[in-house]
Amino acid sequence: MNDARRGDVRRVLKYDANKLSWMYVGLGVAACATSLLLAQAGAERSKPLAWIFLVLGLAWTGFWLVRTIHPGKPLLELSPAGLRMRIIGATEFLIPWHDIEAIETIDVTVTHRGLPVTYEDVTAVVVRRGFYSKHVHVDSAFLRGPGWSATFIPSGDRMKIALHHGILSVKRPALHRAVVERWEAFRDAKRPDAPAG
């Protein structure tokens, strides 16, 4: 690999979740509008509940608006050390490149409100189930949340970890290329069983 290419793969790439944040802002605005309509047109005894939902909707919208303007730590970070992921409110972990066994493009199908939803052409890294259990898994079903199964997909004694470009600030081809280039450049570095020299 030439020096220019090596320099490029050594650059740390960070991807935030602005797409996801804007989606949540939109949901909050919709919830606020619905609450206002219910407060104005609903039965007298349902109005206090509508106002409570309005306040919750405003808090939700405000929280995600602030996160959109000031995103904080990125959800995904690619560096020579590995692939770092942050699941908001649940966990943060680093997968060293030598612990990734393969990189695949997969379709992820999950059930959303009783209907199947498929995310196509998602880049996924494959790790051993033992690595996932030790470094990634969160015991709390509440913290894992409903989206966990769309990101962590069991496959025999392996686990596929989906990198959903749809919520990140990057297009699918650019993300896939960045992951593959860094894996190919660094997967043999500091590998415990790599021969010396």
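A residue is called buried when its relative accessible area is under 20%, exposed when that area is over 50%, and partly exposed in between. This tour applies those words to a predicted model.

**The whole chain**

Begin with the entire chain in a cartoon view. The chain contains 7 helices and 8 strands. Of its 197 residues, 37% count as buried. Switch to a surface view next: the accessible surface comes to about 11800 Å², and 59% of that area belongs to carbon and sulfur atoms. Contacts also link distant parts of the sequence. Among contacts between residues at least 6 apart in sequence, 63% join residues at least 24 apart.

**Two hairpins**

Select strand S2 (76-79) and strand S3 (82-87). These two strands form a hairpin with 2 residues between them, and S2 and S3 pair in the antiparallel sense over 4 bridges. Within this pairing, Leu78 has Leu83 in S3 as its bridge partner.

Now add strand S4 (91-95) to the selection. S3 and S4 pair in the antiparallel sense over 5 bridges. Across this pairing, Arg84 stands opposite Leu94 in S4. The hairpin of S3 and S4 has 3 residues between the strands, and in it Gly89 takes a positive phi near 80°.

**Leu83 and its surroundings**

Select Leu83, which lies in strand S3. Is Leu83 buried or exposed? Leu83 counts as buried because its relative accessibility is 0%, and the cut-off for buried is under 20%. Leaving aside neighbours within four places in sequence, Leu83 is in contact with Leu76, Glu77, Leu78, Phe93, Leu94, Ile95, Trp97, Val125 and Leu163. Add Trp183 to the view: Leu83 and Trp183 are 100 residues apart along the chain, yet their C-alpha atoms are separated by 9.2 Å.

Move across to Leu78. Not counting residues up to four places away in sequence, Leu78 touches Arg11, Val12, Leu13, Tyr15, Leu83, Trp97, Ala178, Val179 and Arg182.

**The nonpolar cores**

In soluble globular proteins, nonpolar side chains tend to be buried together. The largest nonpolar core here has 33 residues, and the members that touch the most other members are Tyr15, Leu76, Leu78, Leu83, Ile95 and Val125. Colour the elements that give two or more residues to this core; among them are strand S1 (13-15), strand S6 (115-128), helix H4 (129-135), strand S8 (158-163) and helix H7 (172-186). Which element gives the most to this core? H7 does, with 7 residues. A second, separate core of 7 residues includes Val108, Val110, Ala150 and Ala162.

**Charged pairs**

Side chains of opposite charge can pair when their charged atoms come close. The model has a count of 9 salt bridges. Show the side chain of Arg86 and look for two partners.

- Glu77 forms a salt bridge with Arg86, and their closest N and O atoms are 3.6 Å apart.
- Glu92 also meets Arg86 in a salt bridge, at 3.2 Å from N to O.

Arg86 counts as buried, with 13% relative accessibility, and Glu77 is likewise buried, at 16%. Glu92 is partly exposed because its relative accessible area is 36%, a value between the limits of 20% and 50%.

Turn next to Asp157 and Arg158. These residues form a salt bridge whose closest N and O atoms are 3.0 Å apart. Arg158 is partly exposed, with a relative accessible area of 25%. Extend the selection to Asp99, Glu101 and Arg128: together with Asp157 and Arg158, these residues are joined into one network by salt bridges that share partners.

Keep Asp99 selected. Where is Asp99 found? Asp99 is in the loop between S4 and strand S5 (102-112). Asp99 counts as buried because its relative accessibility is 13%. Not counting residues up to four places away in sequence, Asp99 touches Val126, Val127, Arg128 and Phe131.

**A patch on the surface**

For the last stop, return to the surface view and select Ile52, which is in helix H3 (residues 47-69). Which residues make a nonpolar surface patch with Ile52? Leu49, Phe53 and Leu56 join Ile52 in making this patch of about 410 Å².

Methods
Residues are numbered from 1 along each chain as its sequence is written. This is a predicted model: local features need pLDDT of at least 70, side-chain atom pairs count only at pLDDT 80 or more; totals for chains, interfaces and linings use all residues. Side-chain values use heavy atoms; hydrogens and water are left out. A nonpolar core is a set of buried Ala, Val, Leu, Ile, Met, Phe, Trp, Tyr and Cys residues joined through side-chain atoms within 4.5 Å. Buried means under 20% relative accessible area, exposed over 50%, partly exposed in between (1.4 Å probe, protein chains only). Contact means heavy atoms within 4.5 Å. Patches are made of residues with over 30% relative accessible area and no salt bridge: like charges are joined within 9 Å, nonpolar side chains (Val, Leu, Ile, Met, Phe, Trp, Tyr) within 5 Å. Accessible areas come from the Shrake-Rupley method with a 1.4 Å probe; for residues, only the protein chains shown count as cover. A salt bridge is a side-chain nitrogen of Lys or Arg within 4 Å of a carboxyl oxygen of Asp or Glu. Two strands pair if DSSP finds at least two bridges between them.
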